[in-house]
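Me: Please take a close look at one part of this structure, the buried interior, and describe what is packed there and what lies around it.

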Amino acid sequence: MPAATETVQQAAVADFCYTPPPAAATARRILVKPNLGYPVGPPVTVGMPVLKAVLTGLRQVNPSAEILIVEGVCSPVPLSEIADRLGVRSLLDEGMQLLDADQLPQAQYPNRLPHPTRFDSLWAPQLLTEVDCRITVGTLKQTSLQSSPLISASLKNLYGLLPRDRYKARSSHSRGQLHRPSVPLVLRDVWGCIGHLFDGAVVDGSWRYISPDWKPDRAKAGQWLGQVVWGEDPIAVDRQACRAAQFDEPEYLQTLAQFRQALGVN
């Protein structure tokens with residue numbers, strides 16, 4: 001389990017130069033999980049300037065690492081086509097690969113929380129334990145689910161690593177089982193199973209984006225915020241992103257910060 005730190009950095013998008021976590025400098029393989037789940041550009045998915053800065057920063061500290069960009073989409077459009085539409089491939093050098101999380105071998109990850117909300121374990125790519133450094137690159141969004149606001153950032157971004165064939169409900173394109181009893185509650189389990197593995201987190205706060213319903217790909221463009229927040233701990237990064245956007249901090253982040261402290265992760 002990587003050591004978490006509350007050190008969080010923030011910069012304007014135009015000035016963003018990514019400082020990777022220490023694990024990236026010596027890693028043989030690095031996993032980057034960007035929010036690319038929909039065939040729609042920012043603010044629904046991560047902006048290419050932010051993703052480019054992350055990849056550039058990683059390459060500067062580690063010229064020889066294999067960098068694996070891994071995403072599992074929540075759309076009928078396949079990842080390969082989404083990557084073409086958004087321009088992801090133009091960012092990749094010879095040592096970088098784009099991988100569909102749903103097509104990777106899966107492993108079961110036990111929940112480290114003393115009292116899981118719903119899942120004692122979750123399935124996710126086995127690759128998570130085969131790489132030496134893991135970074136989540138989320139997009140700052142607020143949707144409305146069951147009449148309550150839901151903040152999506154670097155932690156919610158990890159839903160894309162959980163296989164749709166195991167967690168689908170009515171729609172085969174989404175992970176409906178992970179919406180019960182509620183996304184904020186299930187996010188505790190996501191952190192307890194796989195979130196704690198991540199060495200770094202980035203939140204693209206280019207936009208202060210609010211959707212009137214639960215569909216993050218349907219709302220109109222939000223208000224320009226122009227900020228990027230990053231650090232080693234997804235919980236601390238997401239909390240700072242909420243402050244930067246003047247969103248009310250969701251209870252699940254406060255609870256997870258307490259869980260993390262109780263587990264001795266500091």
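Reply: At 8% relative accessibility, Ser152 counts as buried, because the cut-off for that class is under 20%. Ser152 belongs to strand β8. Beyond the residues up to four places away in sequence, Ser152 touches Thr139, Leu140 and Lys141. The model is a predicted one, and what follows should be read as a description of that prediction.

Strand β8 leads on to the nonpolar interior. The largest nonpolar core has 48 residues, and those with the most contacts inside it are Val70, Leu128, Val190 and Ile194. β8 (148-152) is one of the elements that each supply at least two residues of this core; the others are β3 (66-71), β5 (106-110), β6 (121-125), α5 (183-193), β9 (200-210), α6 (234-245) and α7 (251-262). Helix α5 gives the most to this core, with six residues. For Leu128, the contacts that remain after leaving aside neighbours within four places in sequence are Leu31, Tyr109, Arg134, Leu161, Ile194, Leu197 and Phe198. Ile194 thus appears both among the residues with the most contacts inside the core and among the contacts of Leu128. Apart from this core lies another, of 36 residues, including Tyr18, Ala83, Leu91 and Met96.

Two of the contributing strands, β5 and β6, pair with each other in the antiparallel sense over five bridges. One of the bridge partnerships joins Ala107 to Ala124 in β6. Four of the five residues of β6 are buried, so this strand is largely enclosed by the rest of the structure. Arg166 lies over the face of Trp123, at 3.8 Å from the ring centre.

The loop between β5 and β6 holds Phe119, which pairs with Tyr167 in helix α4 (residues 164-167), 48 residues apart, so to speak a link between distant parts of the chain. The geometry of Phe119 and Tyr167 is edge-to-face, with 5.9 Å centre to centre and 90 degrees between the planes. Both Phe119 and Tyr167 are buried.A second edge-to-face pair is formed by Trp207 and Trp224, with 5.2 Å centre to centre and 85 degrees between the planes. Trp207 is in strand β9 and Trp224 in strand β10 (residues 223-231), 17 residues apart, and this pair too links distant parts of the chain. Trp207 counts as partly exposed, at 24% relative accessibility. In total the structure holds four aromatic pairs. Ring pairs also link Phe16, Tyr18 and Trp230 into a cluster. In addition, the charged end of Lys156 sits over the ring of Tyr159, 4.3 Å from its centre.

The cysteines remain. A search of the whole structure finds zero disulfides. Cys17 is in no disulfide, and the nearest cysteine sulfur, that of Cys133, is 18 Å away. Cys17 is exposed, with a relative accessible area of 59%. Cys193 is likewise in no disulfide, the nearest cysteine sulfur being that of Cys74, 20 Å away. Cys193 is buried, with a relative accessible area of 2%.

Key. Residues numbered from 1 in each chain as written. Predicted model: local features only at pLDDT ≥ 70, side-chain atom pairs only at ≥ 80, totals over all residues. Heavy atoms only, no water. Core = buried A, V, L, I, M, F, W, Y, C linked by side-chain atoms within 4.5 Å. Buried < 20%, exposed > 50% of the residue type's maximum accessible area, 1.4 Å probe, protein only. Contact = heavy atoms within 4.5 Å. Pairing = 2+ DSSP bridges. Disulfide = S-S within 2.5 Å. Phe/Tyr/Trp six-rings, centres within 6.5 Å; stacked < 30°, edge-to-face > 60°. Lys NZ or Arg CZ within 6 Å of the ring centre and 35° of its normal.
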